[in-house]
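This report describes the packing of one protein chain, with attention to buried residues, polar contacts and aromatic rings. The sequence and structure are shown first.

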Amino acid sequence: MARELPWFRIGLVGLLVAAVIGVVFVVRGGHTVPDEVQPIEWGRQACAHCQMLIDDPHHAAQLVTGEGEALSFDDPGCALRYVEDHHPTVHRLWFHAGTGERWLLADQVSFLTGRPTPMGSGLVAVEPGTAGAVDLAAARRIATQVRAPEDMR
């Protein structure tokens with residue numbers, strides 16, 4: 001009886017692994033899920049929640065779903081209400097800092113409250129530890145209790 005060569009088995013296993021990777025690639029549509037904020041067309045792109053144009057970066061937020069869809073928002077409250085209403089699989093959720101040019105991940109953000117914002121949530125993203133700031137859980141409660149005018153239809 002002929003004995004199989006070890007390189008044959010190694011090659012067969014390699015071929016099987018390549019086939020599985022290929023199937024996963026095709027099923028996922030060849031897309032990778034972004035781990036960075038995707039570009040926003042300021043003044044031209046609509047908020048995924050309220051459909052108002054996203055004009056001011058200092059109030060913007062962006063959600064990347066587990067499927068890789070990037071949804072942008074004009075107000076932190078819009079992002080939080082969207083998550084509450086639609087229950088998407090959240091891969092990443094960022095909030096633009098109220099000052100400067102920095103984006104803050106949801107697990108590294110706090111919010112000042114009672115500030116003017118595009119859709120009236122009053123939430124402005126700041127670094128954790130900022131005096132008077134509330135955490136994300138408190139911001140979610142605020143955003144879902146204070147409904148913006150577009151939610152009152």
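## Buried polar residues in β1 and β2

Gln 62 is in contact with Glu 36, Val 37, Gln 38, Ile 40, Ala 70, Leu 71, Ser 72, Phe 73, Arg 92, Leu 93, Trp 94 and Trp 103, when residues up to four places away in sequence are not counted. The model is a predicted one. Gln 62 belongs to strand β1. Its relative accessible area is 0%, so Gln 62 counts as buried, the cut-off being under 20%.

Ser 72 lies in strand β2. With a relative accessible area of 3%, Ser 72 is likewise buried. Outside the residues within four places in sequence, Ser 72 touches Ile 40, Gln 45, Ala 46, Cys 47, Ala 48, Ile 54, Ala 61 and Gln 62.

The polar contacts made by the side chains of these two residues are tabulated below.

| Side chain | Partner | Distance |
|---|---|---|
| Gln 62 | Gln 38, backbone nitrogen | 2.6 Å |
| Gln 62 | Ser 72, side chain | 2.9 Å |
| Ser 72 | Gln 45, side chain | 3.4 Å |

The side chain of Ser 72 thus has polar contacts with the side chain of Gln 45 and with the side chain of Gln 62.

## The nonpolar core

In soluble globular proteins, nonpolar side chains tend to be buried together. Here the largest nonpolar core comprises 27 residues, and the members that touch the most others are Leu 63, Phe 73, Leu 80, Phe 95 and Phe 111. At least two residues of this core come from each of β1 (61-65), β2 (70-73), α2 (76-86), β3 (90-96) and α3 (136-145). Helix α2 provides the largest share, with 5 residues.

Leu 80 illustrates the packing around this helix. Apart from residues up to four places away in sequence, Leu 80 is in contact with Phe 95, Leu 123, Leu 136, Ala 139, Arg 140 and Ala 143.

## Helix α2 and its ends

Of the 11 residues of α2, 8 are buried, and the helix is mostly covered. The buried residues are Pro 76, Gly 77, Cys 78, Ala 79, Leu 80, Arg 81, Tyr 82 and Val 83. Among the elements that cover them are β1, β2, β3, β5 (110-112) and α3.

At the N-terminal end, α2 is capped by Asp 75, which places a side-chain oxygen 2.7 Å from the backbone nitrogen of Gly 77. After the helix comes His 87, which has a positive phi, near 50°.

## Aromatic pairs

A pair of aromatic rings is described by the distance of the centres and the angle of the planes. How many aromatic pairs does the structure hold? There are 2. In one of them, the ring centres of Phe 73 and Tyr 82 are 5.5 Å apart and the planes meet at 55°, so the pair is classed as tilted. Phe 73 and Tyr 82 are both buried.

Phe 95 and Phe 111 form an edge-to-face pair, with 5.0 Å from centre to centre and 90° between the planes. This pair joins distant parts of the chain, since Phe 95 is in strand β3 and Phe 111 is in strand β5, 16 residues apart. Both Phe 95 and Phe 111 are buried, and each is also listed among the core residues that touch the most other members.

Definitions and conventions
Residues are numbered from 1 along each chain as its sequence is written. This is a predicted model: local features need pLDDT of at least 70, side-chain atom pairs count only at pLDDT 80 or more; totals for chains, interfaces and linings use all residues. Side-chain values use heavy atoms; hydrogens and water are left out. A nonpolar core is a set of buried Ala, Val, Leu, Ile, Met, Phe, Trp, Tyr and Cys residues joined through side-chain atoms within 4.5 Å. Buried means under 20% relative accessible area, exposed over 50%, partly exposed in between (1.4 Å probe, protein chains only). Helices (H or I, at least four residues) and strands (E, at least two) are DSSP runs, numbered from the N terminus. Contact means heavy atoms within 4.5 Å. A polar contact is a pair of N or O atoms within 3.5 Å; within protein, one must be able to donate a hydrogen and the other to accept it, and residues adjacent in sequence count only if both atoms are side-chain atoms. Rings of Phe, Tyr and Trp (its six-membered ring) pair if their centres lie within 6.5 Å; planes under 30 degrees apart count as stacked, over 60 as edge-to-face and the rest as tilted.
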